Amino acid sequence: MRFAGFEWDDGNIEKCRKHGVSIEEIETAFETADLYVAPDLSHSQAEQRFRAVGRTLAGRKLFLVFTFRNDEASVLLRVISARLMHKKEIDEYEEDISQF
């Protein structure tokens with residue numbers, strides 16, 4: 001889905017920083033070709049959420065949870081949470097991308 005930009009506020013900025021991930025790093029993860037996205041069905045009651053795993057331009061592997069928000073004339077991507085992938089997630093991610 002195409003989006004016009006990101007929606008940031010004190011809540012999601014602080015939550016991501018708590019996990020050691022900067023806003024700039026998160027935004028670059030959405031620019032890479034190896035970002036894998038799936039619906040987050042167990043957390044989509046109030047709004048449709050997605051999970052993603054991928055690499056930043058610096059090579060760090062991230063686990064992301066996000067949704068899309070409509071802002072008058074455009075669609076914005078709102079990151080709910082971002083953290084570094086756990087070892088098991090890295091292993092699965094690297095196995096998946098090696099198949100392409």
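Ala, Val, Leu, Ile, Met, Phe, Trp, Tyr, Cys and Pro count as nonpolar here, Asp, Glu, Lys and Arg as charged, and the others, Gly among them, as polar. Keep that in mind for the pocket views; everything below comes from a predicted model.

**View 1. What the lining of the largest pocket is made of.** Seven of the lining residues are nonpolar and four are charged, with no polar ones. The residues in question are Tyr36, Val37, Ala38, Arg51, Ala52, Val53, Phe63, Glu89, Glu92, Tyr93 and Asp96. Strands E2 and E3 and helix H3 (87–98) are the elements that give two or more residues to this lining. H3 chips in the largest share, with four residues. As for room inside, the largest pocket holds about 240 Å³ of space.

**View 2. The sheet, strand by strand.** Here are five strands in an open sheet with mixed pairing, and reading across gives the order E1-E5-E4-E3-E2. At the edges sit E1 (5–6) and E2, each of which pairs on one side only.

**View 3. E2 against E3.** Zooming in on one edge, we get strand E2 (residues 36–39) running antiparallel to strand E3 (residues 49–55), with four bridges between them. One pair to look for is Ala38 and its bridge partner in E3, Arg51. Both Ala38 and Arg51 also belong to the lining of the largest pocket.

**View 4. The E3–E4 hairpin.** On to the next pairing: E3 and strand E4 (residues 61–71) are antiparallel and joined by seven bridges. Look for Arg49, which sits opposite Thr67 in E4, and for Ala52, whose bridge partner in E4 is Leu64. Five residues lie between the two strands of this hairpin, and in the turn Gly59 has a positive phi of about 95 degrees.

**View 5. Inside the largest nonpolar core.** This core has 14 residues, and the ones that touch the most other members are Ile26, Phe30, Leu64, Phe66, Val79 and Ala82. Helix H2 (23–29), E3, E4 and strand E5 (74–84) supply at least two residues each. A second core lies apart from this one; it has six residues, including Val53, Phe63, Val65 and Ile80. Val53 and Phe63 turn up in the lining of the largest pocket too.

**View 6. Around Val79.** Which residues is Val79 in contact with, leaving aside its neighbours within four places in sequence? The list runs to Phe6, Glu7, Trp8, Asn12, Cys16, Ile26, Phe30, Val65 and Phe66. Ile26, Phe30 and Phe66 are also named, along with Val79, among the residues that touch the most other members of the largest core.

Conventions:
Residues numbered from 1 in each chain as written. Predicted model: local features only at pLDDT ≥ 70, side-chain atom pairs only at ≥ 80, totals over all residues. Heavy atoms only, no water. Pairing = 2+ DSSP bridges. 1 Å grid on protein atoms, 1.4 Å probe; cavity = no way out; pocket = protein on both sides within 12 Å on 5 of 7 lines; lining within 4 Å. Points joined across faces, edges and corners; volume = space filled by probe spheres on them. Core = buried A, V, L, I, M, F, W, Y, C linked by side-chain atoms within 4.5 Å. Buried < 20%, exposed > 50% of the residue type's maximum accessible area, 1.4 Å probe, protein only. Contact = heavy atoms within 4.5 Å.
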